[in-house]
Amino acid sequence: MKGLEKCSVIKSFSHIYIEEGVMDHPVTREIIKKFPGAVKIRIKHYKDVFCRPRQNFIVQEMSRKLILAEKNGEMIYPGPEVCQDFGNKNFYYTAPILNCIYSCEYCYLRGMYPSANIVIFVNIEDYFRKVESLLERQPVYLCLSYDSDLLAMERIVPLTSRWIAYAREKRNLKVEIRTKSANYSAIRRLPPADNIILAWTLSPSEVIEKYERKTPSLEHRLKCIKNAVDDGWKVRLCFDPVLYFENWQRAYENLITRTFSIVQPEKIYDAGIGVFRISRDYLKRMRKITPASDIIFYPYEERNGIYSYPERKKGEIIEYVSGLVKKYLPSEKIFI
Ligand code: SF4
């Protein structure tokens, strides 16, 4: 497959665990065809591997394995408190993939899952059925790419394309696909859809280099954004999480100036700004597995089970960054 050999992550998946119930699923077959050299291991249930006790997330991150499984039960969840709804009612999210090929030091997945291996739920048709039954009752705003980076996985499994094809037909469904990837080329052949928002997370280069391991550079992300808006997609910019570090003001000023020097502000659908925040339990686990991280060991304050910067610092950061974004976008397009 063109481009696949360039994708270094493909080398990671030396082993693929496959639930016996999905051995013959077309999506399973499509994925394993791309890894002819991988050792295939038949398993009963993905949790037998994914939820094994005493796994080391940090060690596993260096060489992730793939787990192909079927999702049952609840598939669509109410939008979490810590996430922005961007003014939408009936905010939901779903997780067709668990875990991410990138290794951001601040990522809550490190505190959420017992394993760094990547689970792909191949039964996409069941997800569509669940969305269908929700849509019978109400319009839905659905975020697809929270517990993974779906677009980054597109050359391994083209779930983003399939969700786009499904969602574009649904008048009362609005979808957000969030990414840090530079993989826009994998979906560029698709015509843009009015009810689908491609959302890129942007961070200063200093943050990308220090804390967002394996993610594409700022310039690569901006190039994708420019191509996407020029092609007519609705694009959301996510300055989230904004981090506090030495010279953070200068770094965010450079980021926002650079962003709008590449992308015409009037072509941007909207933008979100949020400081780093994380639930108490996830942070506790992350502190156990990331012993030397200034970002994880910052003396955050707890408010209602969520750790974040002290209220005054948070206010200062939000005011500063939103002030920078307001030079380019009207207030009604900025969500905090
Ligand atoms: S890109 Fe997002 S999901 Fe992936 S590791 Fe980074 S923060 Fe986590």
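**Exercise 1. State how much space lies in the largest pocket, and describe its lining.**

Solution. About 860 Å³ of space lies in the largest pocket of this predicted model.
- Step 1: Count the lining. 31 residues line this pocket.
- Step 2: Find the centre. Cys-83, Cys-107, Tyr-108, Tyr-146 and Arg-178 are the lining residues that lie nearest to it.
- Step 3: Assign elements. Two or more lining residues come from each of α4 (109–112), β10 (173–179), β13 (234–242) and β15 (277–279).
- Step 4: Rank them. β15 gives the most to the lining, with 3 residues.
- Step 5: Sort by class. The lining holds 19 nonpolar, 6 polar and 6 charged residues.

**Exercise 2. Locate the ligand and list the residues around the ligand.**

Solution.
- Step 1: Place the ligand. The space that the ligand takes up is the largest pocket.
- Step 2: Collect the residues with a heavy atom within 4 Å of the molecule. Around the ligand these are Cys-100, Tyr-102, Cys-104, Cys-107, Leu-109, Ser-148 and Lys-180.
- Step 3: Sort this shell by class. 5 of its residues are nonpolar, 1 is polar and 1 is charged.
- Step 4: Compare with the pocket centre. Cys-107 belongs to the ligand shell and is also one of the lining residues nearest the centre of the largest pocket.

**Exercise 3. Give the strand order of the open sheet formed by 5 strands, and explain which strands lack a neighbour on one side.**

Solution.
- Step 1: Write the order. The open sheet runs β2-β1-β3-β8-β6, with mixed pairing.
- Step 2: Identify the edges. β2 (39–43) and β6 (97–98) each have a single partner strand, so one side of each has no neighbour in the sheet.
- Step 3: Examine one pair. Strand β1 (residues 15–19) runs parallel to β2, and 5 bridges join the two.
- Step 4: Name a residue pair. Opposite Glu-19 stands Ile-43 in β2.

**Exercise 4. Determine how strand β5 (residues 91–94) pairs and whether its faces are covered or not.**

Solution.
- Step 1: Take the pairing with β4. Strand β4 (residues 76–78) is joined to β5 by 3 bridges, and the two run antiparallel. Pro-78 has Tyr-92 of β5 as its bridge partner.
- Step 2: Take the pairing with β9. β5 and strand β9 (residues 140–143) also share 3 bridges, here in the parallel sense. Tyr-93 is opposite Cys-143 in β9.
- Step 3: Check the faces, with buried meaning under 20% relative accessible area. Phe-91 and Tyr-93 on one side are buried, as are Tyr-92 and Thr-94 on the other. Both faces of β5 are therefore covered.

Terms used:
Residues numbered from 1 in each chain as written. Predicted model: local features only at pLDDT ≥ 70, side-chain atom pairs only at ≥ 80, totals over all residues. Heavy atoms only, no water. 1 Å grid on protein atoms, 1.4 Å probe; cavity = no way out; pocket = protein on both sides within 12 Å on 5 of 7 lines; lining within 4 Å. Sits in = over half its atoms within 2 Å of the grid points. Nonpolar A, V, L, I, M, F, W, Y, C, P; charged D, E, K, R; others polar. Points joined across faces, edges and corners; volume = space filled by probe spheres on them. Helix = DSSP H or I, 4+ residues; strand = E, 2+ residues; numbered from the N terminus. Pairing = 2+ DSSP bridges. Buried < 20%, exposed > 50% of the residue type's maximum accessible area, 1.4 Å probe, protein only.
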